[in-house]
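Open the model in a viewer, show it as a cartoon, and keep the selection tool at hand. The stops below say what to select and what is there.

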Amino acid sequence: MSLSGKIAVVTGGSRGIGRAICQRLAALGATVIVNYVSNPAAAEETVQSIQSAGGKTEAIQFNVAVAEEIEQAFKQILEAHGRVDILVNNAGITRDGLLMKMKEEQWDEVLNTNLKGVFLCTKAVSRAMMKQRWGRIINITSVVGFAGNAGQANYAAAKAGIIGFTKSVARELASRGITVNGVAPGYIITDMTRDLSEEVTNTIKNEIPMGVLGEAEDIAGAVAYLASDEARYVTGQFIHVNGGMFM
Ligand code: NDP
């Protein structure tokens, strides 16, 4: 697989799964634009790790929940690089709580970042990709979007929303040479899951046939495949990377 000459944008590329995706796409030859919102030091670490491995990359700050920031950022990226070939909508947050106690702000924050952000970034690249008649859009959903999870009604709703969005946009853009797919991680060791108590982690492990949590690199592999020419006839699909937790 080679992504040589491709320009890739990865939202939330500063840490966790997004960082591993950036590193993998860059290792395959893509120029990777690493997005972050509030953690320039982490974004710089991603950039440094790619550059020291000989890859091409730069960081860009924008909030995926804010339309004006996205418009401005993609204008800047298109001016500098002339194209965007691969968009990975990875940025995401959790604001967990049981329904009875969930505040409207918790709902809005998660839906705005995890679902509206995917809509806004996809819209921002779609015109350029249509002109190129080539594009790869890869949306990171979650096992929780398929199976639900107590305490995560907001997060599950956003992740399930990504599933319907991905299939609809895949239908709209298929004839233009653009594929739109998703990857649904199970439980992956990142900042998002690091603070779970030992008890919760053990309960989760018991639900995973492979018996261990996944690593960010496991998700990066699936994304790299969907971004490549090997996946040219695959659209509107989801790759589940979860150790067998959900089948
Ligand atoms: P992390 O918490 O480790 O990293 C989140 C990333 O998203 C950071 O790079 C952060 O940037 C960025 N981000 C957050 N909000 C915004 C925003 N408004 N605009 C731009 N960037 C933003 O998360 P993970 O790596 O664990 O998760 C990545 C994706 O995978 C998410 O969509 C998550 O829902 C999904 N996922 C994760 C699972 C897991 O077990 N870890 C399981 C299933 C799905 P900054 O560094 O600037 O804060």
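Select strand E1 (residues 7-10) and strand E4 (residues 86-89): the two run parallel and are joined by 3 bridges. This is a predicted model. To see the register of the pair, show Ala 8, which stands opposite Ile 86 in E4. Val 9 stands opposite Leu 87, also in E4.

Stay on E4 and add side chains. Ile 86 and Val 88 point one way from the strand, while Leu 87 and Asn 89 point the other way. Are these residues buried or exposed? All are buried.

Now widen the view to the sheet. It is open, has 7 strands with parallel pairing, and its order is E3-E2-E1-E4-E5-E6-E7. Strand E3 (56-61) and E7 stand at the edges with a single partner strand each, so each has one side without a neighbour in the sheet. From one strand to the next the twist averages 15°. In general, strands of a sheet pair through backbone hydrogen bonds, either parallel or antiparallel.

Next, select E5 together with E4. These strands run parallel, with 4 bridges between them. Pick Asn 89 and look across to its opposite number in E5, Asn 139. The chain gets from E4 to E5 by way of helix H4 (residues 104-132), and this β-α-β crossover is right-handed.

Continue to strand E6 (residues 178-185). Strand E5 (residues 135-140) pairs with E6 in the parallel sense over 6 bridges. Asn 139 appears again here, standing opposite Gly 182 in E6. On the other pairing, 4 bridges join E6 to strand E7 (residues 238-241), and the two run parallel. Val 183 has Ile 239 as its bridge partner in E7.

How many of the residues of E6 are buried? The count is 8 of 8, and the strand is mostly covered. To check both faces, colour Ile 178, Val 180, Gly 182 and Ala 184 for one side, and Thr 179, Asn 181, Val 183 and Pro 185 for the other; both sets are buried.

Turn to the helices that lie on the sheet. H4 lies across E4, E5 and E6, and runs at about 175° to E4. H3 lies across E1, strand E2 (31-36), E3 and E4, and its direction is at about 155° to E3.

With both helices shown, how do H3 and H4 meet, and at what angle? Helix H3 (residues 67-81) packs with H4 at an angle of about 30°, and their axes are 9 Å apart. Angles under 35 degrees count as roughly parallel, and H3 and H4 are therefore roughly parallel to each other. H3 passes H4 in a right-handed crossing. To display the contact, select Ala 67, Ile 70, Phe 74 and Leu 78 of H3, then Leu 120, Cys 121, Ala 124, Val 125 and Ala 128 of H4.

A second helix pair is the next stop. Helix H1 (residues 16-27) and helix H2 (residues 40-52) have axes 10 Å apart and pack at an angle of about 25°. That angle makes H1 roughly parallel to H2. Their crossing is right-handed. On the H1 side, show Arg 19, Cys 22, Gln 23 and Ala 26; these meet Ala 42, Glu 45, Thr 46, Ser 49 and Ile 50 in H2.

Two loop residues remain. Go to Asn 90, in the loop between E4 and H4. Why does Asn 90 count as buried? Its relative accessible area is 11%, and buried means under 20%. Leaving aside neighbours within four places in sequence, the residues in contact with Asn 90 are Val 10, Thr 11, Gly 12, Ile 17, Gly 18, Ile 21 and Ile 140.

Finish at Arg 133, in the loop between H4 and E5. Its phi is near 55°, a positive value in a residue other than glycine. Most residues other than glycine have a negative phi. Arg 133 counts as partly exposed, at 48% relative accessibility.

Key: Residues numbered from 1 in each chain as written. Predicted model: local features only at pLDDT ≥ 70, side-chain atom pairs only at ≥ 80, totals over all residues. Heavy atoms only, no water. Buried < 20%, exposed > 50% of the residue type's maximum accessible area, 1.4 Å probe, protein only. Pairing = 2+ DSSP bridges. Right-handed = clockwise from strand over helix to strand, strands pointing away. Axes fitted to C-alpha atoms, helices over the stretch in contact; angles between N-to-C directions. Parallel < 35°, antiparallel > 145°, perpendicular 65-115°, else oblique. Left-handed = near helix turned anticlockwise from the far one by under 90°. Contact = heavy atoms within 4.5 Å.
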